Amino acid sequence: MLAVHLENGVISVREVPRPARPEGFALLRLLAGGICNTDLELQRGYYGFAGTPGHEFVAEVAEADSPGLIGKRVAGEINLACTQCDWCRRGLGRHCPNRTVLGIVRHPGAFEEFFTLPERNLHVLDDDLPLERAVFLEPLAAASEILDQVSIPAGERVAVLGDGKLGLLIAMLLQAHGYRVHQFGRHAGKLAIAARAGVAVESAGASLPVAEYDWVVDATGSPEGLRAAAAMARPRGTVILKSTVHGAVGVDTAPIIVNEITLVGSRCGRFEAALPWIGHPAIRLEEMLSDCYRLADAPAAFARAAERGVLKVMLK
Ligand SMILES: [Zn+2]
Ligand SMILES: [Zn+2]
């Protein structure tokens, strides 16, 4: 079978044996994969990763212990938790210190014809959900994580900084939840997607408002984002940090302390929270799909995903 291989920054496609299925695991046949910024960071060498990448996927169950799963179309949680530790017992397997992570930490990823995941990680998808939407379930869960962490009163104004893939998903999801979202970005074409979803957008050049919002999400992906977001928050406001920045971020903590700003770090989230929204027409996922490649053309797909202005690139 074909498998994408990443080593020393180079993406290649190899012929490898089909993986064996451990007990409790399902053997999954890839239908669609999404390339995300984390994959591009793995390629840039941030985590010393070598192997098969890929953690955003839709697959068909080829083999499983549970007969009811076979033939079903599924997406899956990417953290393989130990199920035994304190965190796992509290339902927080995403923080399990013993976890491996699909296509990121010590578990081969989804960008290959067949791969394995524990059955308990899988979520069966509706038959009428198009692949082009379903492939966004993992990043939409990451966007939903915000609402698992903070309870924002109904109808509140929320500022979202950044108009990359995650910024767009966050803005459209919060807008669909009934919040009044103001999104600040740099790319007119990307902001236009959110604008069509009803989000109030402000493009580059517009200077950012100061002390205006009780809720600010930083999804800029840049070291500058935290400072900018904290400056936009009102006293006693909350800043949700969705940018994973590599290396130290220089930030003046005095305004954060003086204004008693709450900082909330936020990573990936529960698929259950995102599933009711994955088919919602107000979240314009199709418009976020820039391109689609065959698995065998993964090197070209990764190059395309790294181009400026490109949103989601899908592998089929
Ligand atoms: Zn991702
Ligand atoms: Zn655990």
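## Salt bridges between distant segments

At a relative accessibility of 5%, R133 counts as buried. The model described here is predicted. R133 forms a salt bridge with E286, and the closest N and O atoms of the two residues are 2.9 Å apart. R133 belongs to helix α3 (residues 131-134), whereas E286 sits in the loop between α9 (271-274) and β17 (289-293), so the pair ties together parts that are 153 residues apart in sequence. E286 itself is partly exposed, with a relative accessible area of 42%. This salt bridge therefore joins a residue that is buried because its accessibility of 5% is under the 20% limit to one that is partly exposed because its 42% falls between 20% and 50%.

A second salt bridge joins R270 to D148, with 2.7 Å between the closest N and O atoms. This pair also links distant parts of the chain: R270 is in the loop between β16 and α9, D148 is in helix α4 (residues 137-149), and 122 residues separate them. R270 counts as partly exposed at 32% relative accessibility, and D148 counts as partly exposed at 37%.

## Other salt bridges

How many salt bridges does the structure hold? The total is 18. One of them pairs R294 with D297, where the closest N and O atoms are 3.5 Å apart. R294 is exposed, at 54% relative accessibility, while D297 is partly exposed at 30%. The classes of these two residues differ because the limit for exposed is over 50%: R294 has 54%, and D297 has 30%.

R21, E63 and D65 are connected by a network of salt bridges. Side chains of opposite charge can pair when their charged atoms come close.

## The zinc site

Which residues coordinate the zinc ion (ligand 1)? The donors are SG of C36, NE2 of H55 and OE of E56, at 2.1 to 2.4 Å. Along the sequence, the donor residues follow the spacing C-x18-H-E. C36 and E56 come from distant parts of the chain, 20 residues apart: C36 lies in the loop between β3 (25-35) and α1 (37-44), and E56 lies in strand β4 (residues 56-63).

Are C36 and E56 buried or exposed? C36 is buried, with a relative accessible area of 9%, and E56 is buried too, at 2%. Both count as buried because their values are under 20%. The accessible area is computed on protein chains only.

## Surroundings of F115

F115 is part of strand β9 (residues 114-118). With a relative accessible area of 1%, F115 is buried. Neighbours within four places in sequence aside, F115 contacts P19, A26, L27, L28, L30, F57, A59, L102, G109 and A110.

F25 lies 90 residues from F115 along the chain, and the C-alpha atoms of the two are separated by 9.9 Å. Among the residues that F115 contacts is L102, which also stands opposite H107 in β8.

## The sheet of three strands

An open sheet is formed by 3 strands in the order β6-β7-β8, with mixed pairing. The edges are β6 (79-80) and β8 (106-107); each has a single partner strand, so one side of each is left without a neighbour in the sheet.

Strand β7 (residues 100-102) pairs with β8 in the parallel sense over 2 bridges. Strands of a sheet pair through backbone hydrogen bonds, either parallel or antiparallel.

## The sheet of six strands and helix α5

In what order do the 6 strands of the parallel open sheet run? The order is β13-β12-β11-β14-β15-β16. Strands β13 (200-202) and β16 (262-265) are at the edges, and each pairs on one side only. From one strand to the next, the twist averages 20°.

Within this sheet, strand β14 (residues 213-218) and strand β15 (residues 233-241) pair in the parallel sense over 5 bridges. W215 stands opposite T238 in β15. Helix α5 (residues 165-176) lies across β11 (157-161), β12 (180-184) and β14, and runs at about 165° to β12.

Definitions and conventions: Residues are numbered from 1 along each chain as its sequence is written. Chains are lettered from A and ligands numbered from 1 in the order in which they are written. This is a predicted model: local features need pLDDT of at least 70, side-chain atom pairs count only at pLDDT 80 or more; totals for chains, interfaces and linings use all residues. Side-chain values use heavy atoms; hydrogens and water are left out. Donors are N, O and S atoms within 2.8 Å of the metal (3.2 Å for Na, K and Ca); water is not among the atoms, so sites may look incomplete. Helices (H or I, at least four residues) and strands (E, at least two) are DSSP runs, numbered from the N terminus. Buried means under 20% relative accessible area, exposed over 50%, partly exposed in between (1.4 Å probe, protein chains only). Contact means heavy atoms within 4.5 Å. Two strands pair if DSSP finds at least two bridges between them. Axes are lines fitted to C-alpha atoms, for helices over the stretch in contact, and angles run from 0 to 180 degrees between N-to-C directions. A salt bridge is a side-chain nitrogen of Lys or Arg within 4 Å of a carboxyl oxygen of Asp or Glu.
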